Amino acid sequence: MAKQTPAQDDSPGIERFETLPRKILTVWLPLFVFCFVLLFPFYWMAITSVKPNHQLTNYRDYSPFWVVQPTLDHIRYLLFETSYPRWLWNTIIVAVASTFISLLASVFAAYAIERLRFRGSRVTGLLIFLAYLVPPSILFIPLAFIVYQVGIFDSRLALILTYPTFLIPFCTWLLMGYFRSIPYELEESALVDGATRWQILTRIVLPLAVPGLISAGIFAFTLSWNEFIYALTFISSSENKTIPVGVLTELVRGDIYEWGALMSGALLGSLPVVILYSFFVDYYVSSMTGAVKE
């Protein structure tokens, strides 16, 4: 009798793992729980944004998970009777400027550490990453002193110049892992042909590192968009506030919470980041995988 191959011996086990009940328990149920936990806050913000005020707390007559007679009064109040459009504009300027500065510095730092091969480069890269682990709650005290001394308190420039202190370390670490995956032979061939380091960086390394740049940019933009401690400390006037600080400080008056406007502001403020991730999610995942692998 012919000897049975290992593949044939394992086939019953493989079939057992592919049964419908096991798929439900190992794939579909965890996926459902993950999607529910991920999307439920957005659903709650959306229904609260369009609920009339008398339905927000009257759970005896109205379900908290559904809307009866939706209204746009909260969104209208937020956009036309508060400084929310100004806060949105401030947040866009601060996030874009901080992201650009952080990416520019991170590209130079990551390229120097990974491609120039100087003594102590690994230690330098590790120290840069450890700098990211320092909590912002510790850094904002000395940074506040510097901001006061320089004379940029209560201005967008204060946030644009302080946000890179926590954006550059992680972006540098992320780009280091991506630059390390680019073959050194390309750079050596360019050096033999007479190319300068600047030409190699701009014409060879950066075009190949576009997914890493997009990932670092998304990360920096997201943190800048959602940052709260520095914006609360360095900004005092209402017209210079960003969305996280403006929504919390201007729409909460004592013990009165304007839940409809609060949820509308949170929902509208999260949409730009969601749209950004939806367009570049493939680049983000690929670059993060490459950085962690390296």
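At what angle do helix α5 and helix α11 pack, and how far apart are their axes? In this predicted model, helix α5 (residues 84-115) meets helix α11 (residues 197-208) at an angle of about 100°, and the axes lie 12 Å apart. Angles of 65 to 115 degrees count as roughly perpendicular, and α5 and α11 are therefore roughly perpendicular to each other. On the α5 side the contact is made by Val107, Phe108, Tyr111 and Arg115. Helix α11 contributes Arg197, Trp198, Ile200, Leu201, Val205 and Leu206. By residue class, the contact of α5 with α11 has eight nonpolar, no polar and two charged residues.

A second helix pair is formed by α9 (residues 164-180) and α12 (residues 210-226). Their packing angle is about 160°, with the axes 9 Å apart. That angle makes α9 roughly antiparallel to α12, as angles over 145 degrees are classed that way. The crossing of α9 past α12 is right-handed. From α9, the residues in contact are Phe166, Leu167, Phe170, Cys171, Leu174, Leu175 and Tyr178. From α12, they are Pro211, Gly212, Leu213, Ser215, Ala216, Phe219, Ala220, Leu223 and Ser224. The contact of α9 with α12 divides into 13 nonpolar, three polar and no charged residues.

Aromatic side chains are the next topic. With ring centres within 6.5 Å taken as a pair, the count comes to 17 aromatic pairs. Ring pairs link Phe32, Phe36, Phe40, Tyr43, Trp44 and Phe65 into a cluster.

Two basic side chains lie over ring faces, as listed here.

| Basic residue | Ring residue | Distance from the ring centre |
|---|---|---|
| Lys51 | Trp44 | 5.9 Å |
| Arg115 | Tyr184 | 4.2 Å |

Trp44, whose face lies under Lys51, is also one of the residues of the ring cluster. Arg115, which lies over the face of Tyr184, is also among the α5 residues in contact with α11.

How values were computed
Residues are numbered from 1 along each chain as its sequence is written. This is a predicted model: local features need pLDDT of at least 70, side-chain atom pairs count only at pLDDT 80 or more; totals for chains, interfaces and linings use all residues. Side-chain values use heavy atoms; hydrogens and water are left out. Axes are lines fitted to C-alpha atoms, for helices over the stretch in contact, and angles run from 0 to 180 degrees between N-to-C directions. Helices (H or I, at least four residues) and strands (E, at least two) are DSSP runs, numbered from the N terminus. Angles under 35 degrees count as roughly parallel, over 145 as roughly antiparallel, 65 to 115 as roughly perpendicular and the rest as oblique. A crossing is left-handed if the near helix is turned anticlockwise from the far one by less than a right angle, and right-handed if clockwise. Contact means heavy atoms within 4.5 Å. Ala, Val, Leu, Ile, Met, Phe, Trp, Tyr, Cys and Pro count as nonpolar, Asp, Glu, Lys and Arg as charged, and the others, Gly among them, as polar. Rings of Phe, Tyr and Trp (its six-membered ring) pair if their centres lie within 6.5 Å; planes under 30 degrees apart count as stacked, over 60 as edge-to-face and the rest as tilted. A charge sits over a ring if NZ of Lys or CZ of Arg is within 6 Å of the ring centre and within 35 degrees of the ring normal.
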